[in-house]
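Please look over the sequence and the model that follow, and then read on for a guided walk through a few of the residues and the overall fold.

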Amino acid sequence: MNKKVVEALTLQVNKEFYSAYLYLAMNQYFEDQDMPGMANWMYQQFQEEQFHAKKMLKYLNSRGVKVVLEAIEKPQIEWPTTMSVFENVLEHEESITASINNIQGIAVDEKDFATMNFLQWFIDEQIEEEENASNLIKQLQLIGDNGYGLLMLDKELALRTFTEPAAE
Ligand code: OFO
């Protein structure tokens, strides 16, 4: 497999694990704030990010690559407001989108058609990741300082679940 593509995907595995860790830190923040629904939303996100990392590991393994795991950076653990947590989610997902797009660019340059095909799933996934975060920011803007509205949103976010696709 092309060396540049392997390097970029290996770095992305670390970024996906970092994403998982960041969402776990956000989960802990909301647990501490007594917002169980928001804590749940972050926990589901934590699981989803681990799935992303595993999907990449599996792909690299299927192409004969042994992945060298690096240290995962310590995530931010405190935020000033609920809104700022979700703004951080959006900003983080935008950076992940840029990172995935960058790898796709490398795969195109190196004519690695299998990786181009593999990454399409992540490109589509990032549209959803960004949309979810910006929808929540819009809802929080509408809620403003209304405590009842915030509790209603928390109840809604308690319903989110993530099930790892069986084939993976
Ligand atoms: Fe893996 O998509 Fe979010 O970070």
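Gly-149 is a buried residue, because its relative accessible area is 17% and the cut-off for burial is under 20%. In this predicted model, Gly-149 has its place in helix α5, which covers residues 147-157. The C-alpha atom of Gly-149 is separated by 9.2 Å from that of Gln-139, a residue 10 positions away along the chain.

From that helix one can step back to the whole chain, which has five helices and zero strands, so that the pattern read along the sequence is α-α-α-α-α. How does the radius of gyration of the chain agree with that of a compact globule? For 168 residues, a compact globule would have a radius of gyration near 15 Å, and the 17 Å of the chain agrees with this. Along its principal axes, the C-alpha trace spans about 55 × 30 × 25 Å. Of the 168 residues, 46% count as buried, and among the contacts with a separation of 6 or more, 81% are accounted for by residues 24 or more positions apart.

The surface and the charges can be taken together. The chain exposes about 9,200 Å², and carbon and sulfur atoms supply 54% of that area. There are 13 positive and 28 negative side chains, and the centres of these two sets lie 10 Å apart.

In the interior, His-52 is a useful residue to look at. His-52 lies in helix α2 and is buried, with a relative accessible area of 0%. Which residues does His-52 touch, not counting those up to four places away in sequence? They are Glu-16, Trp-121, Phe-122, Glu-125 and Glu-129.

Two loop residues call for a look at the backbone. Most residues other than glycine have a negative phi. Asp-34, however, has a phi near 55°, a positive value in a residue other than glycine, and Asp-34 is found in the loop between α1 (3-32) and α2 (36-62). Is Asp-34 buried or exposed? At 64% relative accessibility, Asp-34 counts as exposed, because the cut-off for that class is over 50%. Lys-111 likewise has a positive phi near 55° and is a residue other than glycine; Lys-111 lies in the loop between α3 (82-109) and α4 (113-143), and with a relative accessibility of 61% Lys-111 counts as exposed.

The last topic is the pairing of charged side chains. Side chains of opposite charge can pair when their charged atoms come close. The structure holds five salt bridges, and three of them are followed here, beginning with one inside a helix.

Glu-7 forms a salt bridge with Lys-3, and the closest N and O atoms of this pair are 3.3 Å apart. Because Glu-7 and Lys-3 are four residues apart in helix α1, about one helical turn separates them. Glu-7 counts as partly exposed at 47% relative accessibility, whereas Lys-3 is exposed, with a relative accessible area of 63%.

A second salt bridge is formed by Lys-54 with Glu-164, where the closest N and O atoms are 3.0 Å apart. This pair links distant parts of the chain, since Lys-54 is in helix α2 and Glu-164 is in the segment after α5, 110 residues apart. Lys-54 is partly exposed, with a relative accessible area of 38%, and Glu-164 is also partly exposed, with a relative accessible area of 34%.

In a third salt bridge, the side chains of Arg-63 and Asp-112 meet, with an N to O distance of 2.9 Å. Here too the pair links distant parts of the chain: Arg-63 is in the loop between α2 and α3, Asp-112 is in the loop between α3 and α4, and the two are 49 residues apart. Arg-63 counts as partly exposed at 31% relative accessibility, whereas Asp-112, at 6%, counts as buried.

Terms used: Residues numbered from 1 in each chain as written. Predicted model: local features only at pLDDT ≥ 70, side-chain atom pairs only at ≥ 80, totals over all residues. Heavy atoms only, no water. Rg over C-alpha atoms; globule rule 2.2 N^0.38 Å. Buried < 20%, exposed > 50% of the residue type's maximum accessible area, 1.4 Å probe, protein only. Contact = heavy atoms within 4.5 Å. Areas by Shrake-Rupley, 256 points an atom, 1.4 Å probe, with all protein chains shown as cover. Lys, Arg positive; Asp, Glu negative; His and termini not counted. Charge placed at Lys NZ, Arg CZ, Asp CG, Glu CD. Salt bridge = Lys/Arg side-chain N within 4 Å of Asp/Glu carboxyl O.
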